[in-house]
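Q: I'm new to reading protein models, so please pick out one part of this one and walk me through it closely. I'd like to hear about how pieces of the chain pack together, with a couple of single residues along the way.

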Amino acid sequence: MNTITIKNLSKSYGSIKAVNGISLSIEKGEMFGLVGPDGAGKTTTIRILCGLIEPDEGEVVLLGKDILKEKKVIQNNIGYLSQKFSLYGDLTIDENIEFFAEIHNVHNYQNRRDELLEFTRLKPFRKRLAEQLSGGMKQKLALACSLIHKPQILFLDEPTTGVDPVSRRDFWKILSQLLKEGITIFMTTPYLDEAERCHRIAMMNKGEIIALDQPNKLKEKINKQIIEIVCSPVRKAYSILKEKTNHEVQLFGDRVNIMTDISYDEKEIINLLLENNIEIIDSRITVPSLENIFMHLIK
C-alpha cells in the first residue's frame with residue numbers, strides 16, 4: 001500500500017519552475033530520499049507534502065487522503081523537521097516537547113517524552129535551554145518534538161546539514177530504529193553518501209526527477225566504471241583529460257575520477273598522463289558513486 005502518492009506535481013515562483021510535473025509513490029515503512037543540489041526543488045516538494053504551501057497543479061495523497069481536502073487530518077498524522085532549527089531557544093528541552101505535545105492535543109505525554117529523550121540521548125540535558133544546545137543536539141530535539149504525537153509519516157528536510165559527523169551518525173541510528181517501528185520516512189538531502197542508506201531515491205534537478213530507483217540499481221543501470229587516479233599536479237591532469245579525451249572527468253582533492261564504459265582499458269589514460277609529465281601515485285577501477293551518476297545524468 002502506498003503511503004504517499006504524487007501525480008504531476010508543479011509549483012512555480014514567478015518565472016521559476018521550482019517543481020515541474022513530478023510523479024512518484026512511496027510505500028509504508030520505506031525510507032525515501034529526494035536528493036539534489038540547492039535550488040533543485042526539494043524543499044518546495046516537501047513543504048507541499050506537509051500542507052505548508054499549495055501546488056499550482058497536481059495531486060498529493062497521503063495516508064489515503066487528499067492534502068488539499070483533508071490537510072488538518074493529515075497534519076495530525078505526520079511529523080516535520082525543517083532545514084532550520086525552529087524551536088524556542090528560551091525554553092528548555094522538556095518545555096519545547098511539552099509545547100509541541102499541546103499543539104497536537106497530546107495528553108498524558110510525560111511517558112512518551114521520557115521515551116523520546118532516552119531514545120535521542122537527551123535525557124541528561126532535559127533542563128537545558130534549547131539555545132544552549134549544539135547543532136546536533138538541536139536537531140535531535142527537533143526530531144523528538146516531531147515524534148511526540150506518534151506520526152505515521154516523518155518528513156525530514158536536510159536534517160543533517162551543518163551537523164558534526166558524530167551527531168550525524170547518532171541521527172542515522174535513530175532513523176534506523178524508527179523504520180523498525182513502521183514509520184515511513186521521506187527525507188531530502190544534498191549528501192549523496194547519505195542517500196545510499198535509503199531504500200529508494202529520486203534524483204532531482206531544476207524541478208524535475210531525472211532518476212528514481214534503489215541506489216544499487218541506479219549504479220547497475222548506468223553500466224559505467226570509474227577510473228580513479230591519484231596524481232600530481234592534479235589540476236594539470238584534470239585539464240589534460242578534459243581537453244584530450246571525451247570522458248566525463250571530475251576532480252576530487254588529490255585525485256581525478258574518469259567515467260568510462262565498462263570495457264575501457266585504464267592504461268590508455270595512464271599513458272596519456274605520463275606523456276604529459278604527470279606523476280601517477282595510485283590508480284584503481286571502482287563502481288560509480290551516486291555523485292558520479294548524478295553528474296553524469298545532469299550532463
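A: First, a bit of vocabulary: helices and strands here are DSSP runs, with at least four residues for a helix (H or I) and at least two for a strand (E), and they're numbered from the N terminus. Keep in mind that this is a predicted model.

Let's begin with helix packing. Two packed helices are described by the angle between their axes and the distance between the axes. Take helix α3, residues 93-103, and its partner α5: they pack at an angle of about 30 degrees, and their axes are 8 Å apart. Angles under 35 degrees count as roughly parallel, so that's what we call α3 and α5. As for handedness, α3 passes α5 in a right-handed crossing. Who actually touches whom? On the α3 side you'll find Ile-93, Asn-96, Ile-97 and Phe-100, and they meet Leu-141, Ala-144 and Cys-145 of α5. Sort the residues of this contact by type and you get six nonpolar, one polar and no charged.

While we're around α5, have a look at Thr-120, which sits in the loop between α4 (110-119) and α5 (135-147). Its relative accessibility is 1%, and buried means under 20%, so Thr-120 counts as buried. A polar atom of the Thr-120 side chain lies 2.7 Å from the backbone oxygen of Leu-116. Leaving out residues up to four places away in sequence, Thr-120 touches Lys-140 and Ile-174.

Now for another helix pair. Helix α8 (residues 215-222) packs with helix α11 (residues 290-298) at an angle of about 55 degrees, with the axes 10 Å apart. That angle is not under 35 degrees, nor in the 65 to 115 range for roughly perpendicular, so α8 and α11 are oblique to each other. Their crossing is left-handed. From α8, the contact uses Pro-215, Leu-218, Lys-219 and Ile-222, while α11 brings Leu-290, Ile-293 and His-296. By type, the residues of this contact are five nonpolar, one polar and one charged.

One last stop: Pro-233, in the loop between β11 (224-232) and α9 (234-244). Pro-233 has a relative accessible area of 40%, so it's partly exposed. Pro-233 and Ile-280 are 47 residues apart along the chain, and their C-alpha atoms are separated by 9.4 Å.

How values were computed:
Residues are numbered from 1 along each chain as its sequence is written. This is a predicted model: local features need pLDDT of at least 70, side-chain atom pairs count only at pLDDT 80 or more; totals for chains, interfaces and linings use all residues. Side-chain values use heavy atoms; hydrogens and water are left out. Axes are lines fitted to C-alpha atoms, for helices over the stretch in contact, and angles run from 0 to 180 degrees between N-to-C directions. Angles under 35 degrees count as roughly parallel, over 145 as roughly antiparallel, 65 to 115 as roughly perpendicular and the rest as oblique. A crossing is left-handed if the near helix is turned anticlockwise from the far one by less than a right angle, and right-handed if clockwise. Contact means heavy atoms within 4.5 Å. Ala, Val, Leu, Ile, Met, Phe, Trp, Tyr, Cys and Pro count as nonpolar, Asp, Glu, Lys and Arg as charged, and the others, Gly among them, as polar. Buried means under 20% relative accessible area, exposed over 50%, partly exposed in between (1.4 Å probe, protein chains only). A polar contact is a pair of N or O atoms within 3.5 Å; within protein, one must be able to donate a hydrogen and the other to accept it, and residues adjacent in sequence count only if both atoms are side-chain atoms.
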